[in-house]
Amino acid sequence: MAISSPSYPPHTDGPRPVWWRREWVRHGALAGLLALSGLVILALVRRQTGTEGFLVGLGLAVVPVPWLIAAFRWLDRVRPGPWRNLLFAFAWGACAAALIAIVANSFATHWIATATADPSGADTLGATVIAPVVEESAKAAAVLLVFVFRRRDFTGPVGGAAIAGVTATGFAFTENILYLGNAFGTDQSIGTSGIVSVTAATFFVRGVMSPFAHPLFTVFTGIGFGLAALPRRRRRPVLRVLLPLGGLLLAMGMHALWNGSAAFGQFGFLVVYGGFMAPAFGLLAWLLIRARQRELRVAREELPVYVYAGWLAPAEPFALGSLRARRLARDHARRFLGGRPAARAVVHYETTATELALLRHRARAGRVGPDFSAREHELLTALWQTRAASRPALEYAAHATSPPPAPVTYWQRYGHPAPPYAGYNPYRT
């Protein structure tokens with residue numbers, strides 16, 4: 001694990017890919033598919049709810065979206081993935097996954113009702129069995145696409161949870177438009193309004209009590225993919241398949257339990273919500289925050305070796321191991337060192353340094369392959385290329401957040417031994 005001195009690698013251009021493998025072609029095709037899905041889902045929801053109901057549902061459904069996206073972005077703050085991944089995940093959940101779910105759920109429920117001549121039983125079976133399988137599979141497709149085509153951006157369980165959670169947030173957004181629009185139509189037909197309306201009750205349940213329901217289900221799928229993306233899983237292809245599949249099955253099971261809570265009696269919803277959903281949400285959030293804190297601790301412990309080699313400044317490991325210092329560095333770069341481009345450079349620097357620390361941590365534990373040196377040099381070069389704006393910002397943040405030095409007494413200053421009464425406090429009992 002020898003560390004080389006700072007240098008720049010030679011730049012070489014590889015062969016140009018064929019046209020259908022070019023990035024702009026793939027992005028254009030994907031954007032077109034999502035836009036088409038969005039138009040179709042918009043027409044379907046509007047036809048079912050009516051124009052007025054659609055507008056009311058849209059206005060209410062958007063309320064929890066910024067808070068959920070901000071929560072997942074905050075969770076992924078140590079090694080944030082690019083915004084384009086989150087934008088794709090939200091669009092896939094709101095458009096493609098929602099369209100797949102509406103079409104597949106309607107077809108399956110209609111087929112079961114026709115085959116069994118029991119519409120009520122078909123609705124129950126559709127909600128507790130068909131919907132969890134279809135919806136979680138449709139949402140998992142977005143996580144799978146990022147896992148396959150953006151593997152470098154898939155940083156681990158926390159990153160996988162963020163992508164899955166934003167996908168589910170988009171799906172819940174479209175679903176809430178449908179539910180709230182239908183509730184508004186019911187209020188229009190029976191003449192209720194205000195706080196006692198069906199719309200208000202639906203919004204309270206879906207937008208206030210359980211906006212985290214769909215994200216909670218799909219986060220387990222994201223964690224499974226995140227665990228499979230860890231470098232130590234690369235030599236175990238069986239685990240790389242079983243971990244995402246296990247997360248998906250767990251998401252389906254939780255979704256089925258949530259949808260089936262109405263079958264548990266009058267208070268079934270409250271029992272499942274208070275006895276299972278809320279504790280599961282709290283436990284999962286605690287585990288993900290602990291995983292994020294571990295990454296910060298690894299950065300503080302592993303990066304000092306690169307200070308001695310001349311790659312990092314002395315204050316940087318402390319700043320890179322603190323979320324507050326990282327935020328101050330970004331703010332300082334944006335305000336005084338070049339605006340948004342400088343702030344983006346600092347974010348890239350922080351993310352790269354964290355990747356370097358985790359790589360070094362795996363190397364010390366003997367969990368790296370023969371490509372360790374090449375990957376380390378790649379990360380170090382990326383740090384060196386963005387040091388101009390990042391290093392002053394991180395040094396400022398380190399000095400702004402470091403604890404004040406302990407006061408120096410006169411006997412310490414002049415080298416005298418401490419007197420016997422140095423630790424005496426007359427007010428202590």
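Here are five short exercises on this predicted model, each with a worked solution.

**Exercise 1. Getting your bearings**

Task: Find how many helices and strands the protein has, and what share of its residues count as buried.

Solution:
- Start with the secondary structure: the protein has 16 helices and zero strands.
- Next, look at burial. The protein has 429 residues, and 45% of them count as buried.
- Then turn to the surface. About 23,000 Å² is exposed, with carbon and sulfur atoms supplying 65% of that area.
- Finally, check the contacts with a separation of 6 or more: 76% of them involve residues 24 or more positions apart.

**Exercise 2. A helix with a nonpolar patch**

Task: Compare the span of α8 with the span expected for its length, then work out which residues of this helix are buried and whether L242 is buried, partly exposed or exposed.

Solution:
- Locate the helix first: α8 covers residues 237–259, and L242 lies in it.
- Check the span. The 23 residues of α8 should reach 33 Å at 1.5 Å a residue, and the end C-alpha atoms are 34 Å apart, so the two agree.
- Now list the buried positions: P244, G247, L248, A251, M252, M254, H255 and W258.
- Ask what lies over them. The cover includes α4 (119–149), α7 (213–229) and α9 (268–302).
- For L242, the relative accessibility is 47%; because buried means under 20% and exposed over 50%, L242 counts as partly exposed.
- Last, look at the neighbours of L242 on the surface. Together with V238, L245 and L249, L242 forms a nonpolar patch with about 380 Å² of accessible area.
- A general point helps when you view the spacing of such a patch: an α-helix has 3.6 residues a turn, so residues three or four places apart point the same way.

**Exercise 3. Following T49**

Task: Decide whether T49 is buried or exposed, and identify what its side chain meets.

Solution:
- Place the residue: T49 sits in helix α1, which runs over residues 23–61.
- Judge its burial. T49 has a relative accessible area of 11%, and since the limit for buried is under 20%, T49 is buried.
- Look for polar partners. A polar atom of the T49 side chain lies 2.8 Å from the backbone oxygen of V45. The backbone nitrogen of F54 is 3.4 Å from a polar atom of that side chain.
- Now list the touching residues, leaving aside those up to four places away in sequence: F54, I177, L178, G181 and N182.
- One of these, I177, is 128 residues from T49 along the chain, yet their C-alpha atoms are separated by 8.8 Å.

**Exercise 4. R391 and its partner**

Task: Find the charged partner of R391 and describe the surroundings of the pair.

Solution:
- Begin with the helix. R391 is in α15, residues 387–401. This helix has 15 residues and reaches 20 Å between its first and last C-alpha, close to the expected 21 Å.
- Check burial: R391 is among the buried residues of α15, along with A389, S390, A393, L394, A397, A398 and T401.
- See what covers them: α11 (316–320), α12 (323–336), α13 (339–364) and α14 (372–385) are included.
- Search for the partner. The side chains of R391 and E316 form a salt bridge, with 3.0 Å from N to O. This pair links distant parts of the chain, as R391 is in α15 and E316 is in α11, 75 residues apart.
- Judge the partner too: E316 is buried, with a relative accessible area of 0%.
- Complete the picture with contacts beyond four places in sequence: R391 touches W311, L312, A313, E316, Y349 and W384.

**Exercise 5. More salt bridges**

Task: State how many salt bridges are counted, and trace two further pairs, R79 with E295 and E350 with R330.

Solution:
- The count comes to 11 salt bridges.
- Take R79 and E295, whose side chains meet at 2.7 Å, N to O. R79 lies in the loop between α2 (65–75) and α3 (83–116), while E295 is in helix α9, 216 residues apart. Both R79 and E295 are buried.
- Move on to E350 and R330, where the closest N and O atoms of the salt bridge are 3.1 Å apart. E350 belongs to α13 and R330 to α12, with their positions 20 residues apart in the chain. E350 and R330 are both buried.
- Finish with shared partners: salt bridges join R79, E295 and E355 into one network.

Technical notes. Residues are numbered from 1 along each chain as its sequence is written. This is a predicted model: local features need pLDDT of at least 70, side-chain atom pairs count only at pLDDT 80 or more; totals for chains, interfaces and linings use all residues. Side-chain values use heavy atoms; hydrogens and water are left out. Helices (H or I, at least four residues) and strands (E, at least two) are DSSP runs, numbered from the N terminus. Contact means heavy atoms within 4.5 Å. The expected span of a helix is 1.5 Å times one less than its number of residues. Buried means under 20% relative accessible area, exposed over 50%, partly exposed in between (1.4 Å probe, protein chains only). Patches are made of residues with over 30% relative accessible area and no salt bridge: like charges are joined within 9 Å, nonpolar side chains (Val, Leu, Ile, Met, Phe, Trp, Tyr) within 5 Å. Accessible areas come from the Shrake-Rupley method with a 1.4 Å probe; for residues, only the protein chains shown count as cover. A salt bridge is a side-chain nitrogen of Lys or Arg within 4 Å of a carboxyl oxygen of Asp or Glu. A polar contact is a pair of N or O atoms within 3.5 Å; within protein, one must be able to donate a hydrogen and the other to accept it, and residues adjacent in sequence count only if both atoms are side-chain atoms.
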